[in-house]
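Visitor: Could you walk me through how helices pack in a model like the one below?

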Amino acid sequence: MSDAVEYTFAHFERIAEENRFPENASIEHDSNMCLICHPENIPGDSFKFCLDLIVSCILKRRPRIDESLIEAVNEEMEMLGEDYRITLQELLNEEPEAVKAWQMWARSSINTGLEMLSMHSQNAPYYQLDDLDESRSQYVRQKLEEFFRLQKGTSTT
Ligand SMILES: [Zn+2]
């Protein structure tokens, strides 16, 4: 990992931990080292970089599958007008409906994170998880799988 990649992850993860992500644009930092201030220096696909960054940040706030996560998933279901709710055990058992609900929560959280990231600076890239080409869609599927595994891995069953 390059220094700038490391710096950018550490900076945004810390903001996420402190629950200050929505105000990320106003937090002082070394913008020369920050790849969201300088997306032209992002190694590889900047969409994939932003997705990796946001998922790492969400994991700081939601490291495991627990009751508070289930509550967040069910709130998301309610907002989307879905009429079913999931339980902790259903998600830990990876029941299809529960995993589907989790995916909806995850996509929505990632979109919100990407949106907040886009307000970071004048040059900050803006992405959403919709209308992606095949390579990026494939990457999103992989990343969601990894995200779920990481959350599940730290959960007590
Ligand atoms: Zn910056």
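**Helix packing around α2**

Guide: α2 and α5 are roughly perpendicular to each other, because their angle falls in the class of 65 to 115 degrees (under 35 counts as roughly parallel, over 145 as roughly antiparallel, the rest as oblique). This is a predicted model, where local features need pLDDT of at least 70, side-chain atom pairs count only at pLDDT 80 or more, and totals for chains, interfaces and linings use all residues. Residues are numbered from 1 along each chain as its sequence is written.

Visitor: At what angle do α2 and α5 pack, and how far apart are their axes?

Guide: Axes are lines fitted to C-alpha atoms, for helices over the stretch in contact, and angles run from 0 to 180 degrees between N-to-C directions. For α2 and α5 the angle is about 110°, with the axes 9 Å apart.

Visitor: Which residues make that contact?

Guide: Contact means C-beta atoms, placed from the backbone, within 7 Å. α2 offers C50, L51, I54, V55, C57 and I58; α5 offers S109, I110, G113, L114 and L117. By class, that contact has nine nonpolar, two polar and no charged residues. Here Ala, Val, Leu, Ile, Met, Phe, Trp, Tyr, Cys and Pro count as nonpolar, Asp, Glu, Lys and Arg as charged, and the others, Gly among them, as polar.

Visitor: What are the ends and span of α2?

Guide: Helices are DSSP runs (H or I, at least four residues), numbered from the N terminus. The expected span is 1.5 Å times one less than the number of residues. α2 covers residues 46-61, 16 residues, so it should span 22 Å. Its end C-alpha atoms are 23 Å apart, which agrees.

Visitor: Which residues of α2 are buried?

Guide: Buried means 20 or more other C-beta atoms within 10 Å of the residue's own (12 or fewer is exposed, in between is partly exposed), with C-beta atoms placed from the backbone. In α2 these are F47, F49, C50, L51, L53, I54 and C57. Their cover includes α1 (3-17), α5 (96-118) and α6 (134-153).

Visitor: How do α2 and α6 pack?

Guide: Their angle is about 15°, and their axes are 11 Å apart. α2 and α6 are therefore roughly parallel. F47, K48, L51, V55 and L59 of α2 meet R136, Y139, V140, K143, F147 and L150 of α6. That contact has eight nonpolar, no polar and three charged residues.

Visitor: And what about α1 and α2?

Guide: Their axes come within 8 Å and cross at roughly 35°. T8, F9, F12, E13, A16 and E17 in α1 meet L53, S56, C57, K60 and R61 in α2. By class, there are five nonpolar, two polar and four charged residues.

Note on methods: Helices (H or I, at least four residues) and strands (E, at least two) are DSSP runs, numbered from the N terminus. Two residues are in contact if their C-beta atoms, placed from the backbone, lie within 7 Å.
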